[in-house]
Amino acid sequence: LTTGRGIDIGGSLTWDLSNSNFSGDMILVNPTRTYTSVSSITDSGNWLDLTRSNTVNNASGTFNLTGDLATFSSNCTETSGTCVDTSNLLSLTQNYGKASGAVLDIVNFGVGSAAAITSYGTQAALIIDKYGALDLFTASASGTTRFVIANGGSVGINDALPDAFLDITGTTEQLRLSYEAADTNIASFTVSSGGDLTIDPSGGNILSSDALNFGGAAAQAYNF
């Protein structure tokens, strides 16, 4: 096969929408087994496996791969009337409550991104709605947690268990405010191992429009 389709399932249908509703599945793959054996069995195979394997055996040639391994697309053309599409293009549901595997597991050994999202819609590009008490989002580097959005809305940077709305943990400069991307004009904030705060502005001045109170309610207020 050099062009076209190896398998073509589909067609073009025209019908009166007032008389012909569709429900069910165009294609159904539903392997079902009932386990009654006294011994243990393991299912390690895939119910659906899409694999593309190629070998380049030509020193002077170049094999370019530009087509997607799988494409899901949906469209509705309104020549007359209104099309209302509230369907999901891809829906993944794990119905077994004790399952511990990921619903979607992406592993990338290439040099490109593991996931890329481009959205032209009027809603957010990514919506996460977490039920339960665990974190909304966790990002790790080689198994070490680097960024967390906790269930209550707290954000932890280099801190898996944030104790404030923003909790930044580090042994050196924890926060930097920059005027430009080149980091020429900055203000650096660092908390020492003893809990002391150092504010180091590159301009050399700390300016305040109001009085600053040091040491608590009975302490002296200073104007800068």
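## A disulfide, two sets of strands and a pocket

C83 is partly exposed, with a relative accessible area of 31%. This value, like the others here, comes from a predicted model. C76 is partly exposed too, at 37%. Partly exposed means a relative accessible area between the cut-offs of 20% for buried and 50% for exposed.

**The disulfide**

What do C76 and C83 form? They form a disulfide, and their sulfur atoms lie 2.2 Å apart. A disulfide is a covalent bond between the sulfur atoms of two cysteines. The structure holds one disulfide. Its handedness follows from a torsion. About the S-S bond of C76 and C83 the torsion is about 125°, so the disulfide is right-handed.

**The open sheet**

Strands of a sheet pair through backbone hydrogen bonds, either parallel or antiparallel. In this model, four strands make an open sheet with mixed pairing. Their order is β1-β2-β3-β4. Why is one side of β1 and of β4 left without a neighbour in the sheet? Strands β1 (137-141) and β4 (166-168) stand at the edges, and each has a single partner strand, so one side of each stays without a neighbour. On average, neighbouring strands of this sheet are turned by 20° against each other, direction ignored.

Inside this order, β2 and β3 pair in the antiparallel sense. V148 has G156 in β3 as its bridge partner.

**The hairpin**

Further strands, β6 and β7, also run antiparallel. V191 has its bridge partner, L197, in β7. How many residues lie between the strands of this hairpin? There are five, and G195 takes a positive phi near 90° in the hairpin.

The table sets out the two antiparallel pairs.

| Strand pair | Residues | Bridges |
|---|---|---|
| β2 and β3 | 144-149 and 155-157 | three bridges |
| β6 and β7 | 186-191 and 197-201 | five bridges |

**The largest pocket**

Now turn from strands to open space. The largest pocket holds about 2,200 Å³. Which residues lie nearest its centre? They are L90, S91, L92, V103 and L104, from a lining of 32 residues. By class, the lining has 17 nonpolar residues, 12 polar residues and three charged residues.

Definitions and conventions. Residues are numbered from 1 along each chain as its sequence is written. This is a predicted model: local features need pLDDT of at least 70, side-chain atom pairs count only at pLDDT 80 or more; totals for chains, interfaces and linings use all residues. Side-chain values use heavy atoms; hydrogens and water are left out. On a 1 Å grid over the protein atoms alone, a cavity is a set of points where a 1.4 Å probe fits but cannot get out, and a pocket is an open set with protein on both sides within 12 Å along at least five of seven lines; lining residues have an atom within 4 Å of a point. Grid points are joined across faces, edges and corners, and a volume is the space filled by probe spheres set on the points. Ala, Val, Leu, Ile, Met, Phe, Trp, Tyr, Cys and Pro count as nonpolar, Asp, Glu, Lys and Arg as charged, and the others, Gly among them, as polar. Two strands pair if DSSP finds at least two bridges between them. Helices (H or I, at least four residues) and strands (E, at least two) are DSSP runs, numbered from the N terminus. Axes are lines fitted to C-alpha atoms, for helices over the stretch in contact, and angles run from 0 to 180 degrees between N-to-C directions. A disulfide is a pair of cysteine sulfur atoms within 2.5 Å. Buried means under 20% relative accessible area, exposed over 50%, partly exposed in between (1.4 Å probe, protein chains only).
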